[in-house]
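Please walk through this structure in a viewer, one selection at a time. Keep the sequence at hand for picking residues.

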Amino acid sequence: MKRRVFVDADSCAKRVRSYLLSRAKKNQIDLTFAANRDLSPAQNGGSPEEIPNFTMIVCPKEAQAADNWILQNAQPDDVVITRDIPLAAALLEKQVAVMNDFGKIFDKQNIARALKERNLSLQMSALGLGTKRRDSYGQKEFEKFAESFNKKIQS
């Protein structure tokens, strides 16, 4: 059975989006990107007909619109890729598999800690004590994602 994969595409690394599109093109997954802008292959010179099992959902440019769409549409056998910790927590409550584009697979044990770390980071930022964000995404991060994704998709 092909797995359905939903991607919170606005913050997902381009390299990961390309990888997932290639998997969908080989008919290995049903893939949906949700974002507040069009991130489909057609935007990069590709043809949407090339990947019949790919869907691009362009959500309104409102806060949490893509997150809300994913939360409403994802089901327990699906896999969602997101960096959004509150979205990941809500999806886990629906028994949806969740991971980020760095390859971290979220579960009920580690999501509580991730939520606490997020809240602490927000509090520190509000006090002007924010820490530097690590925005680099290279080969090492991509390989960890691909390995985790392949395991998750086969489970």
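The stops below cover aromatic pairs, nonpolar cores and two helices of a predicted model.

**Stop 1: Tyr19 and the aromatic rings**

The structure has seven aromatic pairs. Select Tyr19 and Phe142 to see one of them: the ring centres are 5.4 Å apart and the planes meet at 80°, so the pair is edge-to-face. Tyr19 belongs to helix H1 (residues 14-25) and Phe142 to helix H5, and the two residues are 123 residues apart. Both Tyr19 and Phe142 are buried.

Keep Tyr19 and add Phe145. Here the ring centres are 6.2 Å apart with planes at 85°, so the pair of Tyr19 and Phe145 is also edge-to-face. Because Tyr19 lies in helix H1 and Phe145 in helix H5, this pair ties together parts 126 residues apart in sequence. Phe145 is buried, as is Tyr19. Now add Phe149: Tyr19, Phe142, Phe145 and Phe149 make up one aromatic cluster.

**Stop 2: Phe149 and the largest nonpolar core**

Stay on Phe149 and show its surroundings. Leaving out residues up to four places away in sequence, Phe149 touches Val5, Tyr19, Leu20, Arg23, Ile29, Ile81 and Met99.

Which residues touch the most other members of the largest nonpolar core? Select Leu20, Leu31 and Phe149: these are the ones, in a core of 28 residues. To see where this core draws its residues from, colour the elements that give two or more: strand S1 (3-8), H1, strand S2 (29-35), strand S3 (54-58), strand S4 (79-81), strand S5 (97-99) and H5. Another core, of 19 residues, lies apart from it; Cys59, Ala74, Ala88 and Ile111 are among its members.

**Stop 3: Ser148 in helix H5**

Go back to helix H5 (residues 139-154) and select Ser148, which lies in it. Is Ser148 buried or exposed? Its relative accessibility is 11%, so Ser148 counts as buried, the cut-off being under 20%. Outside its neighbours within four places in sequence, Ser148 contacts Met99, Gly103 and Ile105.

**Stop 4: helix H3 and its two ends**

Move to helix H3 (residues 85-93), where the buried residues are Ile85, Leu87, Ala88, Ala89, Leu91 and Leu92. At the start of H3, select Asp84 and Leu87: a side-chain oxygen of Asp84 comes to within 2.7 Å of the backbone nitrogen of Leu87. Finish at Gln95, just after H3, which has a positive phi of about 65°.

Key: Residues numbered from 1 in each chain as written. Predicted model: local features only at pLDDT ≥ 70, side-chain atom pairs only at ≥ 80, totals over all residues. Heavy atoms only, no water. Helix = DSSP H or I, 4+ residues; strand = E, 2+ residues; numbered from the N terminus. Buried < 20%, exposed > 50% of the residue type's maximum accessible area, 1.4 Å probe, protein only. Contact = heavy atoms within 4.5 Å. Phe/Tyr/Trp six-rings, centres within 6.5 Å; stacked < 30°, edge-to-face > 60°. Polar contact = N/O pair within 3.5 Å; in protein donor to acceptor, adjacent residues only side chain to side chain. Core = buried A, V, L, I, M, F, W, Y, C linked by side-chain atoms within 4.5 Å.
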